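Visitor: I would like to go through this model a piece at a time. Please show it first.

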Amino acid sequence: MDENKTKVLIVEDEARLARFMELELKHEGYDVVTAENGRIAIEKFYENSPDMILLDLMLPELNGIEVCRRIRKESDIPIIMITAKGETMDKIAGLDSGADDYITKPFVIEELLARMRAAMRRSSMDRSAEDENILTLKGLTIDLSKRTVKLDNNEIELTKREFDLLAYLVKNKNIVITREQILNRVWGYDYFGETNIVDVYIRYLRTKIDDKYKVKFIHTIRGVGYFAKDEEQDS
Ligand code: CA
């Protein structure tokens with residue numbers, strides 16, 4: 001199998017339709033794996049790690065919705081459901097189970113190919129959105145979706161508030177942020193406590209990051225606020 005090709009798992013119990021799709025997709029330059037029932041679909045999913053699944057709804061052993069649910073627990077791979085005419089309720093159930101799109105039989109191959117391209121585009125857009133969820137500062141890596149902080153691959157345990165504060169500083173790295181801005185963004189505009197809470201939390205962060213790793217990430221501008229500095233420090 002060619003690693004550069006998009007690998008598609010076709011799950012379809014109508015042998016003629018499965019064969020037709022397989023030939024058309026191979027002709028379009030896809031790698032194809034097929035499964036004729038829901039149980040085999042799950043097996044082939046694990047064996048082949050496909051890039052996309054075309055999943056018939058009415059299948060022997062496990063139906064398409066059940067297959068979709070199980071795969072969704074493991075992966076956010078694009079899944080296009082294939083439904084028969086008139087299965088309107090099932091379409092909705094299909095999308096609820098985590099399918100990205102559906103196509104109704106009988107379909108023309110061009111429409112299937114267009115939907116496949118759209119689903120792949122959406123999934124690569126999702127991947128680049130994931131990259132935007134990663135912030136870095138020197139050796140520090142902050143994953144906003146997993147809410148983890150690592151320094152040179154050592155995970156640093158932070159409380160929710162410490163994490164939000166660090167993420168806010170690093171998002172705005174090299175920019176001085178006032179205590180009020182920090183309060184508004186990290187504690188919320190309805191926070192009415194002491195403003196020195198910011199200083200307290202900056203101290204917590206310094207203990208966990210700056211002091212422990214002997215690198216100064218968080219800088220103070222007296223009377224103004226704080227900032228996270230990216231370049232080597234010169235003072
Ligand atoms: Ca079927």
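Visitor: Which backbone nitrogen does the side chain of serine 75 reach?
Guide: This is a predicted model. Serine 75 sits in the loop between α3 (64-74) and β4 (79-84). From there its side chain makes a contact at 3.0 Å, and the backbone nitrogen reached is that of isoleucine 77.

Visitor: How many Å apart in space are serine 75 and serine 49, C-alpha to C-alpha?
Guide: Along the sequence, serine 75 and serine 49 are 26 residues apart. In space, C-alpha to C-alpha, the separation is 9.8 Å.

Visitor: What are the protein donors of the calcium ion?
Guide: Along the chain the donors follow the spacing D-x42-D-x1-M. They lie 2.1 to 2.3 Å from the ion. The two aspartates give OD and the methionine gives O, and the donors are Asp13, Asp56 and Met58.

Visitor: Is aspartate 56 buried or exposed?
Guide: Buried means under 20% relative accessible area. Aspartate 56 has 3%, so the residue is buried.

Visitor: What span in Å should helix α1 have?
Guide: Helix α1 covers residues 15-27, which is 13 residues. The end C-alpha atoms are 18 Å apart. At 1.5 Å a residue the expected span agrees with that, because it is also 18 Å.

Visitor: Within what arc do the buried residues of α1 fall?
Guide: The buried residues of α1 are Leu17, Ala18, Met21, Glu22 and Leu25. Seen down the helix axis they line one face, while Ala15, Arg16 and His27 are exposed on the other side. The buried set lines one face because it falls within an arc of 135°.

Technical notes: Residues numbered from 1 in each chain as written. Predicted model: local features only at pLDDT ≥ 70, side-chain atom pairs only at ≥ 80, totals over all residues. Heavy atoms only, no water. Helix = DSSP H or I, 4+ residues; strand = E, 2+ residues; numbered from the N terminus. Expected span 1.5 Å × (residues − 1). Buried < 20%, exposed > 50% of the residue type's maximum accessible area, 1.4 Å probe, protein only. Arc of directions from axis to C-beta. Donors = N, O, S within 2.8 Å, 3.2 Å for Na, K, Ca; no water. Polar contact = N/O pair within 3.5 Å; in protein donor to acceptor, adjacent residues only side chain to side chain.
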